[in-house]
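Student: I am new to this structure and should like a close look at a single part of it. Would you please take the space enclosed inside the protein and describe what surrounds it?

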Amino acid sequence: QACRCLAQMAKYGKSAGERVPPAMFPTLVQLMRDADDDVAQNAATVVRELAKFDERTAGRLVEAGALRALLEVLTSGRGSPAPAAAALGFLGQYTEQLADDVVECGAVPVLSQGLRLSAAPHVRAIV
């Protein structure tokens with residue numbers, strides 16, 4: 001429930017998200033690997049919301065290991081892939097280096113496969 005609360009808080013703007021200190025980012029990475037699906041999903045949602053803010057926050061999340069953990073959430077088959085997929089996009093949006101980091105971690109094949117396997121009609125229409 002704590003991650004759900006943090007995600008809701010972070011979604012309401014940068015000032016709210018700044019209440020989640022960067023020192024907590026490694027903990028979020030660990031929580032994305034939690035055996036409890038809800039915990040992992042909510043941690044990925046927190047990362048998604050934080051990654052929206054700015055290049056500095058995105059860089060700190062990448063340094064904390066968020067890319068690999070997000071890929072693990074995506075490939076686990078547990079819960080919705082949407083928060084982790086969106087977080088990868090937000091993390092890579094700021095600089096060429098961050099975009100390269102997302103690509104180099106192996107996100108493109110994982111995201112491509114997710115699109116191909118999606119049961120969502122709007123996704124199936126374009127794949």
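Tutor: Helix 4 makes the greatest contribution to the lining of the largest cavity, supplying 3 residues. The model described here is predicted. Both helix 4 and helix 6 provide at least two residues of that lining. The full set of lining residues is M32, D37, A40, Q41, V73, S76, R78 and G79. By character, the lining of this cavity comprises 3 nonpolar, 3 polar and 2 charged residues. The space within the largest cavity amounts to about 30 Å³, and the structure holds 1 cavity of 30 Å³ or more.

One lining residue deserves separate attention. Q41 belongs to helix 4. With a relative accessible area of 13%, Q41 falls under the 20% limit and therefore counts as buried. When neighbours within four places in sequence are set aside, the contacts of Q41 are V73, R78, G79, S80 and P83. Of these partners, V73, R78 and G79 also appear in the lining of the largest cavity.

The surroundings of the cavity lead on to the nonpolar core. M32, a residue of the cavity lining, is also among those with the most contacts inside the largest nonpolar core, together with L50, L70 and L91. That core has 34 residues. Two or more of its residues come from each of helix 1 (2–10), helix 3 (25–32), helix 4 (37–51), helix 5 (55–63), helix 6 (66–76), helix 7 (82–91) and helix 8 (96–104). Helix 6 provides the largest share, 7 residues. In soluble globular proteins, nonpolar side chains tend to be buried together.

Helix 1, one of the contributors to the core, has C3, L6, A7 and A10 as its buried residues. These lie on the same side of helix 1, because the arc they cover around the axis is only 100 degrees.

Helix 6 also takes part in an open space. The largest pocket, with a volume of about 360 Å³, is lined by 17 residues, and those nearest its centre are L74, P81, V110, Q113 and G114. Helix 6 and helix 9 (107–117) are the elements that give two or more residues to this lining. Helix 9 gives the most, with 6 residues. The pocket lining consists of 9 nonpolar, 7 polar and 1 charged residues. Helix 6 thus has a place in the lining of the largest cavity, in the core and in the lining of the largest pocket.

Conventions. Residues are numbered from 1 along each chain as its sequence is written. This is a predicted model: local features need pLDDT of at least 70, side-chain atom pairs count only at pLDDT 80 or more; totals for chains, interfaces and linings use all residues. Side-chain values use heavy atoms; hydrogens and water are left out. A nonpolar core is a set of buried Ala, Val, Leu, Ile, Met, Phe, Trp, Tyr and Cys residues joined through side-chain atoms within 4.5 Å. Buried means under 20% relative accessible area, exposed over 50%, partly exposed in between (1.4 Å probe, protein chains only). Helices (H or I, at least four residues) and strands (E, at least two) are DSSP runs, numbered from the N terminus. Contact means heavy atoms within 4.5 Å. On a 1 Å grid over the protein atoms alone, a cavity is a set of points where a 1.4 Å probe fits but cannot get out, and a pocket is an open set with protein on both sides within 12 Å along at least five of seven lines; lining residues have an atom within 4 Å of a point. Grid points are joined across faces, edges and corners, and a volume is the space filled by probe spheres set on the points. Ala, Val, Leu, Ile, Met, Phe, Trp, Tyr, Cys and Pro count as nonpolar, Asp, Glu, Lys and Arg as charged, and the others, Gly among them, as polar. The arc is that of the directions from the helix axis to the C-beta atoms.
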